[in-house]
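Biologist: Hello! Could we walk through this model together, starting at the ligand and moving outward?

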Amino acid sequence: MPTETFEFQVEARQLLQLMIHSVYSNKDVFLRELVSNASDALDKLRLEKLRDDALDAEVSDLHIEIDVDKEARTLTVRDNGIGMSYEEVGKLIGTIANSGTATFLKDLKEAQDEAGAEGLIGQFGVGFYSGFMAADEMTLVTRRAGETQGTRWTSRGEATYTLETVDDAPQGTSVTLHLKPADPENQLHDYTSPWKIREIVKRYSDFITWPIRMVPEADASADGDSTPEPETLNSMKALWARSRSEVSDDEYHELYKHISHDWREPLETIRLQAEGTFEYQSLLFIPSHAPHDLFTREFKRGVQLYVKRVFIMDDCEALLPPYLRFVKGVVDAADLSLNVSREILQQDRHILMMQRRLTKKVLSTVKDFMTKDADRYATFWREFGTVLKEGLVTDSENSEAILAVASFATTHSDDEPTTLAGYVERMKDGQDDIYYLTGDSRQSIENSPHMEAFRDKGIEVLLLTDAVDEVWVDAVGEYEGKKLRSVAKGEIDLDGEKDEKADGERAKQAEDYAGLLGWMGEQLEADIKEVRLSTRLTVSPACVVSDAHDLTPALEQMYRAMGQEVPTTKRILELNPDHLLVKGLNQAYKEREDRDGLVESAELLHTLAVLAEGGQPKDPARFVKLVADRLERTL
Ligand code: ADP
C-alpha cells in the first residue's frame, strides 16, 4: 500500500497547535505521557494473552525502552505491548474521541493565565500529542500483537499525517521524536541527555510496573565488541503495596496523573488496606476539580482493578457507587480470578463488601476535611457537592453520613453555606421544622413571595438550587427528627404557639373572604385546586403553592424530561388578605352583580402569582392583552 496522507480532525488540529505553541510550560511531561501510553499497551497485551492463550504474541519480556541518538537528535520510546492496527492508528491518533473537547477548547481560549490553561489541558487526553512540545516531527511505528503487518505514522504536527504499511515492524509501538533544538530558558531541555531522561523517568514514572530501560549510546571510543548493558530506570514498586511512610506525596500524585489523565494534583490521597479472608490494597484519589463531563452519560466512572499487581480493567464501576464517580484510583485484590468479568463483579459478594468499605472511607475523608481543613472542604463541596447529593437519593445506608458533610446556601449568610447541624443550632424557640425553598438561583428564590413571612419573622431558609435538591429533600424527609419542609408547600403556620387574638382575627377574615374564595376557586378551576388565605405573604397580593405531598412544577418537568408521563398537578392559590388589591377584589365581589370584569381580575391575580415565583403564564398573549387593557383605562 502506498503512503497515504490524511487530515487531522479539526479538534485534533487545534490541540496540536496548542502543543506546538506550548501553552504548557513544563515540557518534560511529554515523556511521562508516552511512557504512560506504553505502560497501558503492555497491560492490555498481558490481559489479552491471559484471556486468549492462542494469541500469537510474545509476552516473556514485556518492557519499555528509551533510546536517544545525540547525532540525529532523536528520542524513541518503544514498547512491545499490544500495538495498533492500521485502522486503529488512524482512529486513535488522528482524532480526539473525547466528547468534552469542544467545551475544553472554548474554555481554554477563555483561560486568562497559563496556570489555568495548563490545568485545562490536563483534563483531556492529549497525551500523545504532547510529544510535539519537544519535537517538530514524530514517527510512530506499530504492529498489533497477533498481526503480521505493521503501520508507520508520521506527522509534523500540522494539518496532516501520513500512514503506510510496513513489513518489518516489531510487535508493539515505537514513537520517535525528532527533537527541536534545546532551549533551556523555555524549559525545553536536551532530551538526548541520559541524565535528563533518568531524572524525568524517576520523577514521573517510577511506579510504572513494567521495566523502563535505557540503552546507552554505543560509545565510539570504547574498544571493540562490548555492547552496553541496558539500565532499568524505575523501581517498579506498586505504590499501593508500599507503606505510606515510604512514598512521597509527589509519587502518589504522579500515579494519580497516570490514572486520571488530569495533570493537576489531587485534593486527597486515600490509602486503604484489608487483610484476612478477602485481601486487597487500595489507593483512592479525590481530584481537586470536577471534570467537564461528570454529568454526561458517557462519563467513565470507576477505579482501576488489579489482581495481585496484574492490571485487569479500567473504570471498574462495581467498586464505587455512581455518586462517587469522580473518585479515581487503584484497587488491587488478592483473591479474584484474573478472568473476572464486569458482570461477575457486579454480583460478587466480596466486591460488594469492598464497595461499602471504600464508600465509607471516602465519606469519612470528606468529614475529616470538614472538621480539620475548611478550605479543602470548601473546594470539595464546590466541585463535588452536587454529585454527592445524588447519594441521598440512591444510598439510604449512607444518607446520614452524606447529610453530615453536606452544606447549603442559606438566608442566614450571603456567602457562607451552612450545614444542617448549623441550621438546627440556630432554630428559633418553637420552630420544629427545617425550612427550604428550591429554585433556579439564589436570587430568584430570595425574591419569591413564599419567603415573605419567613423574612419578616427572621426564620432561616435553606436556598437549594441544584436539580437534585428537588429529589433528595423528599427522599430524606428529615434530619435528626426535624422535618424538611418547603416554604412553597402545604400550609405554613409560623406563629408557633397560637395567640388567641390572631386566631380570632383569622376567623373573621375567613368569614369575610369565604364568598370570594369559593367563587374564585370555581372561576380558576381549570388551573387551580383551591383558593385560600395565606399566612406566608406580607407584601405580595398572591402566590401559588403546592400541596404538601404533591410534586413541585420543577420535579414534574424533570420527570417529563426523563421521558416519564406525569399528570399536571393543580396547585393552590393563596391570597394575602391584608393586601389592598385583594381587599378591593373582595369589596367588588360583594358589591357587584355583574362579575365579568372580576373574572379577568381573578385570572390576572393568578398569573401574577405564577410570574412571581419565576413561572410562565399559560397564555402570554392573553395576559399581555388583559394588562394592556387595564393600563389603558388608568390613563
Ligand atoms: P490517551 O492516552 O489519553 O487515551 P493519547 O493521545 O495518548 O490519549 O493516545 C490515544 C490512544 O492511542 C490511546 O488511548 C491508545 O489506545 C493509543 N495508543 C497510544 N500510544 C500507544 C502505544 N504505545 N501502544 C498502543 N496504543 C497506543
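**Around the ligand**

Modeller: Gladly: 12 residues surround the ligand, the closest being N37, D79, F128, T173 and H261, where a residue is near if one of its heavy atoms lies within 4 Å. This is a predicted model, with local features needing pLDDT of at least 70, side-chain atom pairs counting only at pLDDT 80 or more, and totals for chains, interfaces and linings using all residues. Residues are numbered from 1 along each chain as its sequence is written, and side-chain values use heavy atoms, leaving out hydrogens and water.

Biologist: How far is a nitrogen atom of the ligand from an N or O atom in the side chain of D79?

Modeller: Polar contacts with the ligand are pairs of N or O atoms within 3.5 Å. N37 places a polar side-chain atom 2.7 Å from a ligand oxygen, and H261 places one 2.9 Å from a ligand oxygen. For D79 the partner is a nitrogen atom of the ligand, and the distance is 2.9 Å.

Biologist: What percentage of the ligand's accessible area does the protein cover?

Modeller: Accessible areas come from the Shrake-Rupley method with a 1.4 Å probe. On its own the ligand has 530 Å² of such area, and the part covered by the protein is 83%.

Biologist: Which element gives the largest share of the shell around the ligand?

Modeller: Helices (H or I, at least four residues) and strands (E, at least two) are DSSP runs, numbered from the N terminus. Two elements give two or more residues to the shell, α3 (86–94) and α2 (29–51). The largest share, three residues, comes from α2.

**The sheets**

Biologist: Which strands stand at the edges of the open sheet of five strands?

Modeller: Two strands pair if DSSP finds at least two bridges between them. The order is β10-β11-β14-β12-β13, with mixed pairing. Each edge strand has a single partner, so one side of it is left without a neighbour in the sheet: these are β10 (268–274) and β13 (310–316).

Biologist: At about what angle does α2 run to β13?

Modeller: Contact means heavy atoms within 4.5 Å, and angles run from 0 to 180 degrees between N-to-C directions of axes fitted to C-alpha atoms, for helices over the stretch in contact. The helix α2 lies across β12 and β13, and its angle to β13 is about 105 degrees.

Biologist: Which residue in β3 stands opposite E65?

Modeller: Strands β2 (residues 64–69) and β3 (residues 74–79) run antiparallel, joined by six bridges. Opposite E65 in β3 stands R78.

Terms used. A polar contact is a pair of N or O atoms within 3.5 Å; within protein, one must be able to donate a hydrogen and the other to accept it, and residues adjacent in sequence count only if both atoms are side-chain atoms.
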